[in-house]
Amino acid sequence: MHGLMGKLLFVDLGSSTTEVRDLDETTARQFVGGHALGAKILYDEMPAHTDAFAPESVLGFVAGALNGTGALMAGRYTVVSKSPVTGGWNDANSGGLFGPLLKNTGFDGIFFKGISPEPVYVFVDDGEVEIRDASHLWGRTVADAEAQIREEVGDQKAGVALIGPAGERKSFMASIMNDTHRAAGRGGTGAVMGSKNLKAVVVRGTKSPTVFDKTAEVEINKAIVDWEKNGPVKPFVDLYANHGTDGAWMDSLLSGDAGVKNWAGATERDFGEAKHDNLSGQEMDKKYKRKKYACSTCPIGCGAIYHIEDEKYPIEETARTEYETVGVFGSMCLNDDGPSVNQCNFLCNEYGIDTISTGGTIAWLMECYSNGVFTADELDGIELNWGNADGIVRITEKIVKGEGVGAILQNGSRYAADYYGKGHECLVTASGIELPMHDARRAPGLVRMYHFDPTPGRHVKGGLGPPTGNAPPEVKYNLVGSGEPDVAGVVANEILHIGGFCVFSE
């Protein structure tokens with residue numbers, strides 16, 4: 001088989017045993033890689049109705065089919081599991097370098113079941129597997145724990161995917177982090193990992209997949225680079241290369257795409273130019289950007305490192321905020337304070353928790369607070385009036401640390417509404433998961449994606465989705481005949497994901 005390694009690793013953390021299985025060609029051809037292959041394995045390995053936190057629950061790290069082949073923009077891997085939020089299937093993918101490094105071990109995927117009696121991390125080194133004690137890492141934040149692990153394995157370039165304290169507490173919003181601040185963020189993947197007492201998965205190796213026609217791949221890569229530099233997508237590429245996803249923040253907000261005031265507001269009325277200008281990638285880059293970085297084999301490089309010198313919220317080094325993060329901590333909360341938005345982003349990344357669900361939960365809580373549903377006394381003395389930057393940071397700290405009211409809020413807005421028995425009228429979720437920053441009222445093709453996709457509340461699942469927002473009303477609100485193109489879009493997008501491609505490669 002070309003592209004794939006042909007081997008899968010299974011680790012039982014309860015018995016500290018491992019098993020290597022061949023990936024047969026029939027399965028490889030039918031399911032290819034990424035979440036498709038992960039779905040096949042979970043279906044075969046997990047009994048029906050298994051709880052997400054049960055020993056029988058399976059957590060998988062699956063490489064994209066083209067990870068490590070040299071194909072441009074094919075650097076994403078997928079984490080698969082059950083979601084503690086929905087009780088159903090969950091997949092979350094992430095960029096960086098981890099996916100190709102996973103392939104270098106000689107495996108296309110690593111699957112975990114069982115619960116370790118003590119915290120551990122698993123080191124897969126060129127096909128050899130070692131389960132190591134992680135008691136000294138438990139409770140440590142992401143960057144700190146990652147640095148310690150790299151020192152212990154003696155390799156600063158080893159791939160590390162790990163959880164922070166939020167995952168250890170089994171927060172329903174916990175992420176799995178890699179390359180420090182890259183996240184497989186949605187659906188509670190980090191909680192499943194934490195339930196197994198698994199702090200980290202570390203990968204290193206010298207193996208690499210074969211390519212059927214390397215000459216053809218090189219030519220395709222050259223054509224892609226030429227298309228990006230000289231084709232009609234050049235403005236798009238330049239925007240993301242220079243300012244990341246937050247570079248599109250202004251256009252999205254002004255078009256009615258991004259959420260405002262927990263989806264109940266309007267840009268012109270509630271978050272005018274004087275406010276939203278402060279949070280654009282263009283403006284924040286001028287103040288904070290120190291250097292840029294890229295995921296594996298990516299010629300765009302939308303990532304950047306910020307250094308923030310602010311009296312109240314200084315940060316030595318942090319990943320640039322993504323568009324979604326600016327939306328949830330910015331316009332959704334009517335907050336135009338750049339340092340506070342970056343502080344919330346930093347806290348979420350360091351404690352390993354999804355920024356979209358955290359910010360969405362805070363926006364829900366702010367609407368509840370403004371309507372008198374919750375009082376400051378019920379929120380540990382924090383006043384959550386709209387736009388209160390300090391209040392937003394303080395409640396974020398409560399959530400990421402699971403302290404006080406944060407012990408409930410760390411499981412999301414629907415969980416909190418059910419727990420307290422109020423605030424349901426302010427919820428905006430899909431199967432309990434807070435929505436990303438793309439409004440289905442503007443782009444009605446998102447409705448199907450948010451509600452009916454096996455992983456609800458995702459904006460990167462293909463179909464008519466976001467593109468419908470640019471169509472005239474007579475087109476986008478007329479669903480007659482939309483089924484076939486919607487299916488075609490879903491299929492095309494799923495192929496990207498199982499191949500390990502970034503959606504920017506569309």
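In this predicted model, glycine 421 takes a positive phi of about 70° just after helix H18. Helix H18 itself spans residues 413–420, and Ser413, Ala416 and Ala417 in this helix are buried. Viewed down the axis of H18, the buried residues fall within an arc of 100°, so they line one face of the helix. The elements covering these buried residues include two helices, H15 (355–370) and H17 (406–409), together with two strands, E16 (429–430) and E17 (433–434).

A positive phi also occurs in the hairpin of strands E1 and E2, where serine 16 takes a value near 55°. Four residues lie between the two strands of this hairpin. Strand E1 covers residues 7–12 and strand E2 residues 17–22; the two pair in the antiparallel sense over six bridges. Strand E1 also pairs with strand E6 (residues 109–113), in this case in the parallel sense and over five bridges. Phenylalanine 10 has a partner in each of these pairings: glutamate 19 stands opposite phenylalanine 10 in E2, and phenylalanine 111 is the bridge partner of phenylalanine 10 in E6.

Alanine 71 is located in the loop between strand E3 (59–63) and strand E4 (77–82). With a relative accessibility of 8%, alanine 71 counts as buried. Leaving aside residues up to four places away in sequence, alanine 71 touches Leu66, Glu217, Asn221, Thr297 and Phe501. For one of these, asparagine 221, the C-alpha to C-alpha distance from alanine 71 is 6.8 Å, although 150 residues separate the two in sequence.

The salt bridges in the model number 27. Side chains of opposite charge can pair when their charged atoms come close. One of the pairs is formed by aspartate 91 and lysine 461, whose closest N and O atoms are 2.9 Å apart. This pair links distant parts of the chain, with the two positions 370 residues apart in sequence. Aspartate 91 belongs to strand E5 (residues 89–94), whereas lysine 461 is in the loop between helix H19 (446–452) and helix H20 (473–476). Both partners are buried: the relative accessibility is 7% for aspartate 91 and 4% for lysine 461.

Two further salt bridges are found within helices. In helix H4 (residues 142–153), glutamate 146 and arginine 150 are four residues apart, about one turn of the helix. The side chains of glutamate 146 and arginine 150 meet in a salt bridge with an N to O distance of 3.8 Å. Glutamate 146 is buried at 5% relative accessibility, and arginine 150 is likewise buried, with a relative accessible area of 11%.

In helix H12 (residues 281–288), lysine 286 and glutamate 283 are three residues apart and are therefore separated by about one helical turn. The side chains of lysine 286 and glutamate 283 meet in a salt bridge at 3.1 Å, N to O. Here lysine 286 counts as exposed because its relative accessibility is 65%, while glutamate 283, at 26%, counts as partly exposed. Elsewhere, salt bridges that share partners join Glu19, Arg21 and Glu45 into one network. Glu19 is also the residue in strand E2 that stands opposite phenylalanine 10.

The cysteines were examined next. A disulfide is a covalent bond between the sulfur atoms of two cysteines. A search of the whole structure gives zero disulfides. For cysteine 298, the closest cysteine sulfur is that of cysteine 295, at 6.2 Å, which is too far for a bond because a disulfide requires two cysteine sulfur atoms within 2.5 Å. Cysteine 302 is also in no disulfide, and the nearest cysteine sulfur to that of cysteine 302, again from cysteine 295, is 6.2 Å away. Cysteine 298 is partly exposed at 22% relative accessibility, whereas cysteine 302 is buried, with a relative accessible area of 17%. These two values lie on either side of the cut-off, as buried means under 20% relative accessible area.

Technical notes: Residues are numbered from 1 along each chain as its sequence is written. This is a predicted model: local features need pLDDT of at least 70, side-chain atom pairs count only at pLDDT 80 or more; totals for chains, interfaces and linings use all residues. Side-chain values use heavy atoms; hydrogens and water are left out. Two strands pair if DSSP finds at least two bridges between them. Buried means under 20% relative accessible area, exposed over 50%, partly exposed in between (1.4 Å probe, protein chains only). Contact means heavy atoms within 4.5 Å. The arc is that of the directions from the helix axis to the C-beta atoms. A salt bridge is a side-chain nitrogen of Lys or Arg within 4 Å of a carboxyl oxygen of Asp or Glu.
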